[in-house]
Amino acid sequence: EYHIFFSGIVSGGLLRLIAENDPSELVRQVQEFYGDFLPINEDLVALNCRNTVAMSCAAGTAWARDHAHLYERNRRGIEGLLLSLRRQPSTIRYQKSSPLAAQLAKDVSDSIRADQIFHFRSMGGGGTLLLVVDRLDDAVTPLLSQWTYQAMVHELLGLNNNRVILRGAPNITKDLEEVVLSAEQDSFFRKNRDANFGELGEAIQQLLSDYQKQTQSHDVSKLNSIEDMQRFMDKFPELRSQSHNVSKHVAIMGELARLVGVCNLMDVSQFEQELACADDHTAHMRELMDKLSSPAVKIPDKHRLGLLYALRYEDSGNVNLVKTAMARGGVTEDMIGLVDTILRYGGRRARGPGLYGVGTKKDLMTQMTKSILTSVQGVSNVYAQHVPVLMDTLQAIVRGKLSAESHPYLGRGPASGTGSDPVPDEIIVFMAGGVTYEEATKVAEFNKTNPGKVRVILGGSTIHNSTSFLEELKIL
């Protein structure tokens, strides 16, 4: 007999096909369990669906059919997430600069209207807002070096399905060549997932100190009775598990620290943040030329710096001069070609107005405020100045001020003349083209600072680091 369980919605046509091919009636049940996504953090999910950057660019063109299977996967992933959470969005909005986001929002809305299984009881209050956005609106965030634990591991070592490969790193023992980083199984990782590099070093030092104290209290030479021995053996599996956990985090931290030093990442990252957050062409050009000619800066980092410059100064800078300097610095021709590719994908003509602002007084005041805060809060924040576009969008929603011009409503929006939009109780964001752990960290901080108010769940096609993002750009 067969018991068939699907992770998403099963079409009537597929059920008929199963029935027609089951003359002996061996299929006893068919069930839908909506879970065709990977839960990563408490407020982060991904579809593990790659190569969706090209899907964004093909949307609305004759090439869209080449990506139909990826589109279907993303649409069903959004629907599966809504069904598993038992949510029927009271409002759906999308990013206007993305034909893909508009199409996804429309098709999900049509499914909700057509299928009775979406008709859940309303949450009451402000309800649930489904916001569909596209990676192309912010091509800067995936290019930046990361400084929180989960994001650093993903950027420098790779983090796939909670697994980290340390094989090949110096002084790594056999049992640490592949380790698991899961908040569900590892309380230290759960607590320090969003800790910055400095805080992480202190936390691991404390973890090691606590473990040493515990092992000293179980000195084998002091076991004087059978009862002492039994208590020790009862405790032994836990001690062995703790030993592996401590060794794991020490090994990961050691490899992260080694790569930060070898790649000169602190210096590189500081300049990345300046390129992402400030507008000072003369100073940026001078420092960029120094970095591109420096043997201390690795080729991939020179490449990312060139891309960040191009995104910020595509109209006002000298992109051709930077390309020439990249070539002299050892960046290969195919990597330099991605400068033009990233401008076609996420340049000024493709994206919405949110990345560097649109030059209004309000935008200028916001930038000045951020700059002053960075100065006041000190050097420890030099590596965390950047705020992804997504967070500005969420803050605008919470204030009831997200423009219907940049993020239209699907169907009828709120009544005009009210001055501001109703604030939802929950925002489910889906980013086609993939999200990053920087955005996930910022969403987690947002949820912690807004307890009981607005909760955000972030989902995306995949989780990008700079390597995976650039690999997808190459397909263009």
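Two residues are in contact here when heavy atoms lie within 4.5 Å. With that criterion in hand, the structure, which is a predicted model, can be followed from one helix outward.

Helix H11 spans residues 299–312 and comprises 14 residues. From its first C-alpha to its last, H11 reaches 20 Å, close to the 20 Å expected at 1.5 Å a residue. Of the 14 residues of H11, 12 are buried, so the helix is largely enclosed by the rest of the structure. The buried set includes the charged-residue names Asp301, Lys302, Arg304 and Arg312, and among its other members are Leu305, Leu307, Leu308 and Leu311. The cover over these buried residues includes helices H9 (265–277) and H10 (281–293). It also includes H12 (319–328), H13 (333–336) and H14 (338–346), together with H18 (466–475).

A second site is found in helix H4, residues 99–114, where serine 109 lies. Serine 109 has a relative accessible area of 11%; buried means under 20%, so this residue is classed as buried. Apart from neighbours within four places in sequence, serine 109 is in contact with Ile92 and Leu410. Leucine 410 is 301 residues away from serine 109 along the chain, yet the C-alpha atoms of the two are separated by 8.0 Å.

The cysteines complete this account. Cysteine 49 has 5% relative accessibility and therefore counts as buried. Cysteine 263, at 17%, also counts as buried. A disulfide is a covalent bond between the sulfur atoms of two cysteines. A search of the whole structure finds zero disulfides.

Notes: Residues numbered from 1 in each chain as written. Predicted model: local features only at pLDDT ≥ 70, side-chain atom pairs only at ≥ 80, totals over all residues. Heavy atoms only, no water. Helix = DSSP H or I, 4+ residues; strand = E, 2+ residues; numbered from the N terminus. Expected span 1.5 Å × (residues − 1). Buried < 20%, exposed > 50% of the residue type's maximum accessible area, 1.4 Å probe, protein only. Disulfide = S-S within 2.5 Å.
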